[in-house]
Amino acid sequence: MSELDLLVKGGEAVIGQDVVKADIGIKDGIVTVVGAGLEASTRETVDASGLLVLPGGVDSHVHIDQPSGSAAEMCDTFDTASASAAAGGTTSVICFAWQSPGESLAAVAADYAERARASRVDYAFHLTITDPTEEVVEKELPALVAAGNRSIKIFMTYKGVGLEDREILRVLDAARRNKALVCVHAENNALIDYMTEKLLEAGLSAPKYFPWSKPSVAEREAVQRIIAFGEALDVPLEIFHVSGAGPAAEIERAQARGLKVWAETCPHYLTIVADDLDKPGFEGAKLIFGPPARTSADQEALWDYIRRGVISIISSDHSPSRYDDPKGKKVAGDTAPFSVIPNGVPGLAARMPVLFSEGVSKGRISISKFVDLVSTAPAKLFGLYPRKGTLAVGSDADFVLWDPRMKVTLTNAMMHHGSDYTPWEGVEVTGYPVATYLRGREIFRAGEILVEGGGEHLARPEYPMIEPREEFPTPFNPVERTVVS
């Protein structure tokens, strides 16, 4: 064995379904050997005794340095967001190259590639299409996907962002031809507009009424509709931020029919309920995110869907704005109706500690299930595995030293993000990252960010998991305009 750069000794490594006593040897940023009682010449040895050694987190749903289309601003650059990722044990993020209406998607992607150079963690992009013109879909998209951007994000709601049904079908058609996964924010826009109008007419405008404007049925209907579209065109789908039992049940039915439909949820849906928005004054605005928080019954249902694998990924949906800021939640003042309060909460650093505490420490899921949810499954679905998402020979040496017994009371200062609040302020968690390593380089330890930059772009080639099934509801393939024999 040649000299190692780093040897991690004495920890319990989570490798696949197993938690085993294993040492990990690293050379040139790659895992080169895994085994018990390793003795090797090494430049540095890390004592992981009493700690778990986990694959670095992969957060597949992160908004960074993104335009809002209004006077409000998202408050994280790649510099601050990647610091937050490192502080929470995440070593790879997939964020949004966000096309505003009228923009060139190619120009947007090039701009994001430049901004992302400040990242401390590795990164990939979802191509977010809000204006599917002929130029964008037929001329720009093929080259962007071929360059390694293998996922497309679309919205079914929000003014100026959400696509009409015919536009959705156009994007699905192009995604299938270019071998890209389509990720969807699924809510029924017309129903939400109707509910919002009626609530405001009734004088019910405080933040606590926001969940009433986006009932679960609006999400459930849109999930059912996008699944039907995906089935008709034979396009694999990822349903983002599933908030409760209704939409999850639609996804399970689709999976039972053999459709390639995957789903994620987020820590805020597992820990925050609609009643939590009923706070004094404007405080409830801190918890406005869409789809909104549901009920405790929905939370219990989500845990069951997680355990059974219907929901296979936990992302942060990190969408940060500041609370006490005229460019943040108070962009329209601190008496503004819920309808004009910016959506989203910060969650990058909190994702893994909150899920570990609520899931593993409270006995809802196993340690190996936790790793699958936050690292392995997103790496596989988005074409990053086995480079990311596992501690195996040949994989990137991205790992987290995790103390499963450490009790920590979360504060905003610990998040290292650009926001002035965290939804989990004052919440005690059990289980916390001690140190985070990216390709064998320590980037976080004991509350301190240790590096500037260093993140790399993760281009994703074609991969089998998201290949179409080659099955259609009729003998006609509408994408290729051929009759299937």
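Colleague: Is W212 buried, partly exposed or exposed in this structure?

Modeller: The class follows from relative accessible area: buried is under 20%, exposed is over 50%, and partly exposed lies in between. In this predicted model, W212 has a relative accessibility of 49% and therefore counts as partly exposed. Y209, at 14%, is buried.

Colleague: How many aromatic pairs does the structure hold?

Modeller: There are 15 aromatic pairs. The pair class depends on the angle between the ring planes, with over 60 degrees counted as edge-to-face. For Y112 and F125 the planes stand at 70° and the ring centres are 6.4 Å apart, so this pair is edge-to-face.

Colleague: Where in the chain do Y112 and F125 lie?

Modeller: Y112 belongs to helix α2 (residues 105–115) and F125 to strand β10 (residues 122–128). The two are 13 residues apart, and their pair links distant parts of the chain. Y112 is buried, with a relative accessible area of 1%; F125 is buried as well, at 4%.

Colleague: Back to Y209 and W212: why is their pair edge-to-face?

Modeller: Their planes meet at 75°, so the pair is edge-to-face, with 4.9 Å between the ring centres.

Colleague: Which residues form one aromatic cluster with Y112?

Modeller: The cluster consists of F78, Y112, Y123 and F125.

Colleague: Which residue lies over the face of Y112, and which over the face of Y385?

Modeller: For such a contact, the charged atom of Lys or Arg must be within 6 Å of the ring centre and within 35 degrees of the ring normal. R115 lies over the face of Y112, 5.0 Å from the ring centre. Over the face of Y385 lies K380, at 4.9 Å from the ring centre.

Definitions and conventions. Residues are numbered from 1 along each chain as its sequence is written. This is a predicted model: local features need pLDDT of at least 70, side-chain atom pairs count only at pLDDT 80 or more; totals for chains, interfaces and linings use all residues. Side-chain values use heavy atoms; hydrogens and water are left out. Rings of Phe, Tyr and Trp (its six-membered ring) pair if their centres lie within 6.5 Å; planes under 30 degrees apart count as stacked, over 60 as edge-to-face and the rest as tilted. Helices (H or I, at least four residues) and strands (E, at least two) are DSSP runs, numbered from the N terminus. Buried means under 20% relative accessible area, exposed over 50%, partly exposed in between (1.4 Å probe, protein chains only).
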